[in-house]
Amino acid sequence: MFSLEAAQKALFAQCDSYVALQKPDGAIHRADWGLDDPGATCSLVALCLYTGHHLEAVSRALDYLEAYQRPSGLTDLRDCNFDSSPDAGFILQAMCPAISSPNPLPLLGGGGEERAGGGGRSRTEAFLRRMVAGTLTGGFHTPNHRWVMSAGLALAEKCLPDLSEQIHPVIQSYLAEGFDLNADSAWIERSAGVYDAICAKSLLILAECGYETEACLEAVRRNLTLNLHLFHADGTIETGLSRRQDQGTRTVPSSLIIPLLWAGKVLDEPRFLQAAAFLQERVPTDGYSLMEFLRRFGEPGAIKPKLPESYALHYPVLQAHRIRRGELSVTVFGGTTRLLHLVRGQAELVSVKISQAYFGVGRFVGDSNREEKGAVVLRSEGKLSPYRPGDELPLGRPVPPENYQAMRAERALRRVADCTSELEVKALEDGSGVSLRYVTLDGLDRVPAQLALDFAVGGVWETDDTAFQPQAGQVIFLKSGVGRMHYGRDVIEISPGVSAHQMWAMRDSEPAAGLVRVLLTFLTPVDYFIILKTTSL
């Protein structure tokens, strides 16, 4: 799986694919941008120099990069960041190994005599020297950039040692800020699908280069351990906690494979190696990254692919709770209107949301959560506005239109009871699903309420007397009995249904565009049990 032979095959295929994308101007052009891409072109140079193949493409690419490089020495990420020192950190991480690493290719039966790349290597070094200068005086704009830039500079220091006196204090100034892991071992950006891997790789580079080795490795160990417990059974990872662009996506994070392998080796952590093997079976990592791992550690031998699959863990800082029971994977969220995510195989309940049509503050948000007798309980205080629920009373003096909002704080209020409520989530004893108990604790009676179960599109909805394939945006009332959403062999069953009203789009409830919504409806007060059970036929 992680053999030199497989890495060589993947590496050369990767190199060939990049060269095939090169345009006459020397650059790789992004089809989704319709523009040339300096970052991808830098990767092309790195691959060609590393393998010693397609060296004629290096010269054309460097012609483009030297012309594109800004006076600062930096380049651009053209859909977002310009004159960008953070993106220089990524480029340094990609290109420095190509001009400094011992050549692994002779181990594979050839290629080493070409790898030096002649003038291409010296031109690349000059390009990187200018880039280092810009990175040293540049800054960052997201938390992970600090570690990306520091790691890129550490690799540059290794291959350009005459710059050490300039590079070293800048790295130290970033590291002096301390690593941004919270008590639950999540980075500020909480990005299991993208940026956790970037942070882990950057800290592993820093540790290898002798920068705060123990602290770097401990941070990597903690965060990767958290990631182990965010995986669904199919290798996709929970991204509902993310504060970045991966939020709500469901993909296999192949970028975690190398950090898991690397950390598994240096920390002697078999679980990391097993997780890397599990992911590699599904979405293999790129050849360049794999070859760099094998250059450091050699072939790791046979590894049993495996993810943790039986646990219930509470994360109070993240306001989250994770349950895995074999194929079943459940996440409970606090601090948001999305309260639960459930996955089994192809079957996916994307979210559970609760609302009351109550003064505009009836959306259930887990203001707090707690573990209680084997369950997790979310509590919503119903205080989304300082003026509601209730009515504002007259001031008895002029209220200029332009001061209406500013003067609201001066008004007396006629208060009514807050719509305080709780949702208890508990794993079923047989591990097949969870029970939900929705209870209203305060507020007025006869208020319309709903519990919405929002499913991924592509399922077949079935009850005792009907079956059909619902479309995106469709709303289904489960008025009684049992309903099932089938995705191939995988099924999520809901019971029992209940119907107290038929508001298809209840006021102040959030829509479910792109999903299929199943509604259970109530009038307050409410105390109702729901069973979500999964099976595979």
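Start with the whole chain: 55% of its 537 residues count as buried. The model is predicted.

**Stop 1: the whole chain**

Show the backbone as a cartoon. The chain has 12 helices and 23 strands. Its C-alpha atoms fill a box of roughly 80 × 65 × 45 Å along the principal axes. Now switch on the surface. About 22,300 Å² is exposed, and carbon and sulfur atoms supply 52% of that area. Contacts are worth a thought here too. Among those with a separation of 6 or more, 67% join residues 24 or more positions apart.

**Stop 2: the largest pocket**

Select Ser43, Phe90, Ala94, Ile198 and Lys201. Of the 45 lining residues of the largest pocket, these five lie nearest its centre. The pocket has a volume of about 1,600 Å³.

Next, colour the elements that build the wall. At least two lining residues come from each of these:

- α1 (4-21), α2 (38-51) and β3 (75-77)
- α4 (85-100), α6 (145-159) and α8 (195-208)
- α10 (257-266) and α12 (287-297)

Which element supplies the largest share of this lining? Select α4: it gives 7 residues. Then colour the lining by class. You should find 22 nonpolar, 14 polar and 9 charged residues.

**Stop 3: helix α6**

Stay with one of the pocket's helices and select 145-159, which is α6. Is this helix mostly covered or mostly uncovered? Covered: 14 of its 15 residues are buried. Now check its length between the end C-alpha atoms. They are 21 Å apart, and this agrees with the expected span of 21 Å, because the 15 residues are taken at 1.5 Å a residue.

**Stop 4: the second largest pocket**

The second largest pocket holds about 250 Å³ of space. Select Gly240, Leu241, Gln247, Gly334 and Thr336, the closest to its centre among 15 lining residues. By class, the lining has 4 nonpolar, 8 polar and 3 charged residues.

**Stop 5: the cavities**

Go inside the protein next. There are 3 cavities of 30 Å³ or more. The largest encloses about 70 Å³. Select Ala186, Arg190, Leu226, Leu230 and Leu241, which are the closest to its centre out of 13 lining residues. Leu241 also belongs to the selection at the previous stop, where it is one of the residues closest to the centre of the second largest pocket. The cavity lining divides into 7 nonpolar, 3 polar and 3 charged residues.

Move to the second largest cavity, with a volume of about 60 Å³. Select its lining: Thr337, Lys353, Ile354, Ser355, Arg363, Phe364, Gln450, Ala452, Ser509, Glu510 and Arg517. Two strands, β9 (347-356) and β16 (448-455), each supply at least two of these residues. β9 gives the most, with 3 residues. The classes here are 3 nonpolar, 4 polar and 4 charged.

**Stop 6: arginine 324**

Select arginine 324, in strand β6 (residues 320-325). Why does arginine 324 count as buried? Its relative accessibility is 2%, and buried means under 20%. Now show what surrounds it. Leaving aside residues up to four places away in sequence, arginine 324 touches Phe231, His232, Ala233, Pro308, Glu309, Ser310, Tyr311 and Ser329. Take serine 310 from that list. It sits 14 residues from arginine 324 along the chain, yet their C-alpha atoms are separated by 5.0 Å.

**Stop 7: unusual backbone**

Most residues other than glycine have a negative phi, and most peptide bonds are trans. The next four sites are worth a look against that background.

Select serine 495 and proline 496. A cis peptide bond joins them, with omega about -15°. Proline 496 lies in the loop between β21 (490-495) and β22 (516-523).

Move on to threonine 524 and proline 525. Their peptide bond is also cis, with omega about 0°. Look for proline 525 in the loop between β22 and β23 (527-536).

Jump to glutamine 319, in the loop between β5 (310-315) and β6. Its phi is positive, about 55°, although it is not a glycine. Glutamine 319 counts as partly exposed, at 26% relative accessibility.

Finish at phenylalanine 359, in the loop between β9 and β10 (368-372). Here phi is near 55°, a positive value in a residue other than glycine. At 33% relative accessibility, phenylalanine 359 counts as partly exposed.

Technical notes: Residues numbered from 1 in each chain as written. Predicted model: local features only at pLDDT ≥ 70, side-chain atom pairs only at ≥ 80, totals over all residues. Heavy atoms only, no water. 1 Å grid on protein atoms, 1.4 Å probe; cavity = no way out; pocket = protein on both sides within 12 Å on 5 of 7 lines; lining within 4 Å. Points joined across faces, edges and corners; volume = space filled by probe spheres on them. Helix = DSSP H or I, 4+ residues; strand = E, 2+ residues; numbered from the N terminus. Nonpolar A, V, L, I, M, F, W, Y, C, P; charged D, E, K, R; others polar. Expected span 1.5 Å × (residues − 1). Buried < 20%, exposed > 50% of the residue type's maximum accessible area, 1.4 Å probe, protein only. Contact = heavy atoms within 4.5 Å. Areas by Shrake-Rupley, 256 points an atom, 1.4 Å probe, with all protein chains shown as cover.
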